[in-house]
Amino acid sequence: MPIPSTIPDGAAPRFVLVATHAEGDSGVFDVHELRGEDPRTAQPSQKESLREGQEPAEESPAGVVLILDEALRPLTGPLSFSYEDIGDLVTWAEARALRWVWESTRYWYGMFLTDGMTVERCWDLGLCRTILSSSPATAGGGYAADARDAPAGDLDAAAPAGPEPGAQGSLFAAPAPRGASAQTVGREFAAQRAAVPRTTAGRKLELLLAAESAGALIAAEIRATGMPWSTRVHRALLEDQLGPRPPEGHRPQKLERVVEELRAALGAPKLNPDSPQELLRALHRAGIDAASTSQWELADHEHPALEVLERYKKLSRLFTSNGWAWLAMWVRDGKFWPDYTVGGVVTGRWSARGGGALQIPATVRSAVRADPGCKLVVADASQLEPRILAAMSRDEALAIASTGKDLYQAIANRGFGGDRASAKIVMLGAMYGQTSGDAGRLMPQLAKTYPQAVGLIEHAAREGEAGRNVSTFLGRGSPGPDDAFAAARRAANSLDATPADQSRADSIARSRGRFTRNFVVQGTAAEWALCWLGQVRLGIRRQLPDLSSRIVFFLHDEVMLHVPADQADEVVRIVHAAAARATELVFRSDLVETPVTVAVVDSYDQAK
DNA sequence: TGTTAGGGCGCG
DNA sequence: AAAGCGCGCCCTAACA
C-alpha cells in the first residue's frame, strides 16, 4: 500500500483510523452488524449476506484506513485495503508506533491476528464509549448525550487543544453517514478524546481507556493463541474418576454406582439426585432436617448418606461440566479456546462465554500442559483486593501492613491478637458488606485500626444505599439503581406504606450498598490487573520480540503464559516488574506493595 | 416443543 | 427473617 508516499513532509502521524468504508462507498459489510461475530468462524452465508453485491472476491476491499496526526487532521484520504495487502501498512504504522483506532478490536484485530500480524497499541471505541458514557470524570458527565445530540461539526470543534485543523475544514465535520464509515469513526474518536478532561480525573480516565484497549488486544491474542490443553491427560483423568466414556444419555459406571449407593443410604430407590425437590424430600424422610440441598447447608448436618451425596455432587459436576462432552465441544488441536468479553462485568472484570473459561475447576487443571521444551508461567497477585483498598484509600496503617509477604497476618498482628483467620474474615467481610458472625463483630476494631480504608468502603456503601452511583479509582462508573430499587423506595415513601414496605425498601437499599461497596474495590482491582497485564504484554514484546512467549489465560488477578523454557526466567522478571509498574501507573505511589506469586511449571495444577 | 427462572456450584 | 461481592453453566421445573 502506498501509505508513506501520501503523507506530507513534516507531518507527524499518530493514529491509524480503521473503518469499513469511506462515505458513499458500498460493497463492504458493516462492522456493527458483525460485532460479536468471529470473522474466522462466521458461516460463509452470514458473511456473504453482509456484503452488498457480488461474490466476495479474494481481492475485495476489507475496509479503509485514514492516517491522522495528533490534532486528528487526516494526513491521507481514506485508503481502501484488503486483507492481502494490509501487511505493509501494519509494518509501516508499527514502525512509527501509531495507535490503531477502531470500533471493535475483537473484530479488526482478530482479523489481523489470523494473518499473523500484531499491533502494539489501539483505541477501542466501543469499549471506551461504554466507560465514557458512565464515568463521572467525563466533562459534565455528558459525553453520551453530547455524542448523540451535538450537531455535525461540533464534536470536531471540541477536540482537545493542539495545532488547528487545516483551513480546508476537517473530514469529520461532514454529516454522519450510515454505518461505520471513516467519517463516523473519526467523529466518534474526536468526541471521545474531547470528553476526557485535562484534570487529574481525566489523566486517570485516560489510563483506564488505554488499559481497557490494551486488554482488548490481549483478549484477541489469547483467543487467537488458545490455551494448551492435553486431551490425553483429560481423558485419562475422566476414566480414572468416572470410568469409561458412557453412551450418550447415560451416566458413567462409577457415577452410576455412587447413585445406587446414595439411593440405598437414603432408602429412596428411585431418587433422581439431580432434582433438588426430590432430593430434599428424600433427605427429610431420612431424618435430615435441611432447608436446602446445598453443600453449605448440609455441612451442618450429620448422616452417613451425606458423605455419599457429596461424592455424587463432585463427580456429577465433573461429568456434566468438564467431561467428554465438554472436551469434544471446546478443545480442538490440543487447545482450549477462551472467548473473553473485555469489560463484560460491570466492575470492569472480563467475562467469558463458552466452555466456562473462568471456572476451570482444580480437578482438571492437570490437563493444561506446556508443549515439549516449553513452560507455563503462572502468576497471581496475592491478596490483591485489600492491597488495592489500601492504595486507593491512602490508608497508612494498611499500607504498612501491605509491605510484608502476608497482609492478613500483618493485619492480625495489629489489632487482632495475631489471629490470622479472624483478620482475613473481617477484612473480606468489610469489602463484601458482611454484617453477621465474626466479621460483623470484629468490624469496629477494623474501622478503628484502619480508618481510611474502612471509611472509603463505608462511604461507597452509603452512596449506594442512597441510590447514588460510585466510581472506581480510575473512573469507571457504577450502574445506577435498578427499577426494583426505585419501586421499593416509592412504596416505602407513600402515605399508606406498611412496615413491610419499609423493610423491603431497606433490604433492597442495603443490597445495593453491598454492591457499590464491593464495586469500588473489585473494580479498582480489575483496573490494576488490566494495567499489570498490559505491562506484561509490553515487556514481552520489547524484551522477547520473537513473540514465542505468549499470554494464554487471564483470570481476574491471575495470568498464565506459555513460554519457551529458556525464556521462562526472563518472563518471570517481566511479570514481577509489570506488577510494580502497574501500581505506580494507577496510584502514582509505591507505598502499597502488590507482590505477585509466580510459578514456572509444566502443568497448571502444579502452580500453587 | 421451546423458553425462562431458580437451585446449585465452579472460579476470582 | 435475613443472609458477604462479581460472574457462567448445568440441571430441573414451571409455563407458554
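Biologist: Trp324: buried or exposed?
Modeller: Trp324 is buried, because its relative accessible area is 4%. Buried means under 20%, exposed over 50%, and partly exposed in between, with a 1.4 Å probe and protein chains only.

Biologist: What kind of model is this, and how are things numbered?
Modeller: This is a predicted model, where local features need pLDDT of at least 70 and side-chain atom pairs count only at pLDDT 80 or more, while totals for chains, interfaces and linings use all residues. Residues run from 1 along each chain as its sequence is written, chains are lettered from A and ligands numbered from 1 in the order in which they are written, and side-chain values use heavy atoms, with hydrogens and water left out.

Biologist: And Phe319, how is that placed?
Modeller: Phe319 is partly exposed, at a relative accessible area of 21%.

Biologist: How many aromatic pairs are there?
Modeller: The count is 18 aromatic pairs. Phe319 and Trp324 have ring centres 6.3 Å apart and planes at 65°, so they are edge-to-face. The rule takes rings of Phe, Tyr and Trp (its six-membered ring) with centres within 6.5 Å; planes under 30 degrees apart are stacked, over 60 edge-to-face, the rest tilted.

Biologist: Which residues do ring pairs link into a cluster?
Modeller: Trp100, Trp102, Tyr109 and Phe112.

Biologist: Switching to DNA. Which residues come nearest to strand C?
Modeller: Ser275, Gly354, Gln359, Gln434 and Arg514, out of 28 residues around DNA strand C. Of the strand C atoms that come within 4 Å of the protein, 79% are sugar and phosphate. A residue is near a strand if one of its heavy atoms lies within 4 Å of it.

Biologist: What does Gln359 touch on strand C?
Modeller: An N or O atom in the Gln359 side chain sits 2.9 Å from a base nitrogen of DNA strand C. For Arg514, a side-chain N or O atom is 2.7 Å from a phosphate oxygen. Polar contacts here are pairs of N or O atoms within 3.5 Å.

Biologist: Which elements give two or more residues to that surface?
Modeller: α15 (304-322), β10 (351-352), α20 (420-432) and α24 (499-543). The largest share, 5 residues, comes from α24. Elements are DSSP runs numbered from the N terminus: helices (H or I, at least four residues) and strands (E, at least two).

Biologist: How do the residues near strand C divide by class?
Modeller: Into 6 nonpolar, 16 polar and 6 charged. Ala, Val, Leu, Ile, Met, Phe, Trp, Tyr, Cys and Pro count as nonpolar, Asp, Glu, Lys and Arg as charged, and the others, Gly among them, as polar.

Biologist: Now strand B. Which residues come nearest?
Modeller: Thr293, Lys313, Arg317, Gln359 and Asp557, of 17 around DNA strand B. Sugar and phosphate make up 76% of the strand B atoms within 4 Å of the protein.

Biologist: What lies 3.0 Å from a phosphate oxygen of strand B?
Modeller: A backbone N or O atom of Gln295. Arg317 puts a polar side-chain atom 3.0 Å from a sugar or linking oxygen of DNA strand B. Arg365 does so at 3.2 Å.

Biologist: How many cavities of 30 Å³ or more?
Modeller: The structure holds 1. The largest cavity has about 40 Å³ of space. On a 1 Å grid over the protein atoms alone, a cavity is a set of points where a 1.4 Å probe fits but cannot get out; lining residues have an atom within 4 Å of a point. Points join across faces, edges and corners, and the volume is the space filled by probe spheres set on them.

Biologist: What lines the largest cavity?
Modeller: Gly348, Arg349, Trp350, Ala526, Ala529, Leu530, Phe554 and His556. α24 gives the largest share of that lining, 3 residues.

How values were computed: A polar contact is a pair of N or O atoms within 3.5 Å; within protein, one must be able to donate a hydrogen and the other to accept it, and residues adjacent in sequence count only if both atoms are side-chain atoms. On a 1 Å grid over the protein atoms alone, a cavity is a set of points where a 1.4 Å probe fits but cannot get out, and a pocket is an open set with protein on both sides within 12 Å along at least five of seven lines; lining residues have an atom within 4 Å of a point.
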